[in-house]
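This report looks at where empty space is left in a protein model, how two of its helices pack, and which of its residues have an unusual backbone angle. Please keep the structure in view while reading.

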Amino acid sequence: MTDVSPSDTDPAYPSERNVIEPGCERCPALAEHRECISWGTGPLEASVLVVGEAPGPGNTDADRWKGGNWTGKAYTSRHSGRRIRRMLERVGYGDDAYYTNAVKCFPADPADPTSNREPTPAERTNCRGHLLTEIETVDPDVVLATGKHATTSVLAAEDRELEGFIDTVLEPVDCERLETTLLPILHPSYQDVWIGRLGYEPDEYLAAIGEALEELCGPVGE
């Protein structure tokens, strides 16, 4: 069985970020509590653009993979970041993927700033311009949305609503305005629960992602 869980083998740690609007203060509540703005990481000519919901809180005591709120880089959390990057490496797109979030700042819970809340609709809207800029700049063959909220944000850019997330997993969606294809997958933090409910074994799920990406992007290396 192919392991899609965290292991001792880490993918490369992202060392650069694609800063779009330094010091952005479009969302006062987010700007007040964040440590960093977590901008996208990866090659600007990538075939796959991975979108998460928002950066996690991170761990200030960790030497590596502290999390987006402390590194200022997207999808670098010790759990979800490593897991999604490892998945892309295992299906052959590790060097051909750009990682970002629909909302670039950690959405702190006012009652507990070390814990996160869901970004508000206004925050998603305020940050959507950044995501659209990234999609236009990278011009990916596929936007790989990890989870319900990321999928909702991408569809909103098409003036479309999400109707039942689980039914959309691994079902490509043609995005005319974005000039790309949306491919929803499970959020890495919840995939252990939902892979079986979708009828997959972990290795089958990983293979299905690889097959879908190859069909949409072409064989790796071409």
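At 64% relative accessibility, Glu179 counts as exposed, because the cut-off for that word is a value over 50%. The model is a predicted one, and the values that follow were computed from it.

**Two backbone angles**

The place of Glu179 is the loop between β6 (173-175) and β7 (180-185), and its phi is near 55 degrees, which is a positive value in a residue other than glycine. Most residues other than glycine have a negative phi. Asp139 is another case, with a positive phi of about 55 degrees although it is not a glycine. Asp139 is found in the loop between α4 and β5 (142-146), and with a relative accessible area of 51% it is exposed.

**Two packed helices**

Two packed helices are described by the angle between their axes and the distance between the axes. How are α4 and α5 placed relative to each other, parallel or perpendicular? Helix α4 (residues 121-138) and α5 pack at an angle of about 75 degrees, and their axes are 10 Å apart. Angles of 65 to 115 degrees count as roughly perpendicular, and α4 and α5 are therefore roughly perpendicular to each other. On the side of α4 the contact is made by Arg124, Arg128 and Leu131, while α5 brings His149, Ser153, Val154 and Ala156. Sorted by class, this contact of α4 with α5 has 3 nonpolar, 2 polar and 2 charged residues.

**Pockets and a cavity**

Rolling a probe the size of a water molecule over the atoms shows where empty space is left. The table sets out the volume of three such spaces and the classes of the residues that line them.

| Space | Volume | Classes of lining residues |
|---|---|---|
| Largest pocket | about 630 Å³ | 11 nonpolar, 13 polar, 4 charged |
| Second largest pocket | about 210 Å³ | 6 nonpolar, 3 polar, 3 charged |
| Largest cavity | about 110 Å³ | 8 nonpolar, 2 polar, 4 charged |

The largest pocket is lined by 28 residues, and those that lie nearest its centre are Glu53, His149, His187, Ser189 and Tyr190. Which helix gives the most to the lining of this largest pocket? That helix is α5 (residues 148-156), with 3 residues. His149 therefore appears twice in this report, since it is named in the contact of α4 with α5 and is also listed among the residues nearest the centre of the largest pocket.

The lining of the second largest pocket includes Pro11, Ala12 and Pro14, as well as Thr41, Gly42 and Pro43. Also among its lining residues are Arg85, Glu89, Gly94, Asp95, Ala97 and Tyr99. Here α3 (80-90) and β2 (97-101) each supply at least two residues of the lining.

The structure also holds 1 cavity of 30 Å³ or more. Of the 14 residues that line the largest cavity, Cys24, Cys27, Leu30, Cys105 and Cys127 are the closest to its centre. Both α1 (28-33) and α4 supply at least two residues of this lining, and α4 gives the most to it, with 3 residues. The helix α4 thus has a part in the lining of the largest cavity, while Arg124, Arg128 and Leu131 of α4 take part in the contact with α5.

Notes
Residues numbered from 1 in each chain as written. Predicted model: local features only at pLDDT ≥ 70, side-chain atom pairs only at ≥ 80, totals over all residues. Heavy atoms only, no water. 1 Å grid on protein atoms, 1.4 Å probe; cavity = no way out; pocket = protein on both sides within 12 Å on 5 of 7 lines; lining within 4 Å. Points joined across faces, edges and corners; volume = space filled by probe spheres on them. Helix = DSSP H or I, 4+ residues; strand = E, 2+ residues; numbered from the N terminus. Nonpolar A, V, L, I, M, F, W, Y, C, P; charged D, E, K, R; others polar. Axes fitted to C-alpha atoms, helices over the stretch in contact; angles between N-to-C directions. Parallel < 35°, antiparallel > 145°, perpendicular 65-115°, else oblique. Contact = heavy atoms within 4.5 Å. Buried < 20%, exposed > 50% of the residue type's maximum accessible area, 1.4 Å probe, protein only.
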